[in-house]
Amino acid sequence: MPSNEENWAKYEESIEKFIQVIAKNMNLYGITSSVGRLYGALYFAGRPMTLDDMRDALEMSKTSMSTGVRALAEMKMVEPAYKKGMRKDLYKSEEDWYKSFTALFGNKWEKTTQSNLEEAEETIEELHQLKEESDDPELRQQIEQDIDRLLYACDYYTWLLRFLHVVESGEIFKYVPKPPKR
């Protein structure tokens, strides 16, 4: 039978392995692996941590911890915590991953989608004007085809914005319910 020390070592190895995997895959959300490791450390700490605690846990600079916490806070994956008598700032991970995902996903995708939609609409206007000014039948035909493509893109971006609203509002859970709490 393994000793308690051996079991603790295996436990820490298992948790570290999980943190490494989620940190590596955080790039899907635009998060660096080091910030992903920070989130994993906060999540498994089971208590709020100061920047000094994080620095010691991850053996990284306090500046890196501060930058990482700020990035995670902007994505609503970390929030400030309060502990009576504690003078340093404390942070804890957002435990509701569904809430984090909907906030992060919606925020990042909405900005990009809105930007793409506006650009497509501006391009359509420019192409309409160019078509009116041109007497080249080949160019006019090409412009008409491209306007159709851009209108298709506008329809897609409009649908995507509606979808994002369903995600951000939490309405998505009517269609894809969260599993019951354990």
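**Note on helix 1 and the nonpolar cores**

1. Ile15, Ile19, Ile22 and Ala23 of helix 1 are buried (under 20% relative accessible area, with exposed meaning over 50% and partly exposed in between; 1.4 Å probe, protein chains only). Viewed down the helix axis, the buried residues lie within an arc of 100°, so they line one face of helix 1; the arc is taken from the directions from the helix axis to the C-beta atoms.

2. The model is predicted: local features need pLDDT of at least 70 and side-chain atom pairs count only at pLDDT 80 or more, whereas totals for chains, interfaces and linings use all residues. Residues are numbered from 1 along each chain as its sequence is written, and side-chain values use heavy atoms, without hydrogens and water.

3. Helix 1 spans residues 4-25, and its 22 residues reach 32 Å from first to last C-alpha, close to the 32 Å expected at 1.5 Å a residue. Glu13, Lys17 and Lys24 are exposed on the face turned away from the buried side of helix 1. The cover over the buried residues of helix 1 includes helix 2 (33-45).

4. The largest nonpolar core (buried Ala, Val, Leu, Ile, Met, Phe, Trp, Tyr and Cys residues joined through side-chain atoms within 4.5 Å) has 19 residues, and those with the most contacts inside it include Ile31, Leu38 and Val78. Helix 2, helix 3 (51-58) and helix 4 (62-74) each supply at least two residues of this core. Its largest share, five residues, comes from helix 2.

5. Apart from this core lies another, of 17 residues, among them Leu127, Leu150, Tyr157 and Val167.

Methods:
Helices (H or I, at least four residues) and strands (E, at least two) are DSSP runs, numbered from the N terminus. The expected span of a helix is 1.5 Å times one less than its number of residues. Contact means heavy atoms within 4.5 Å.
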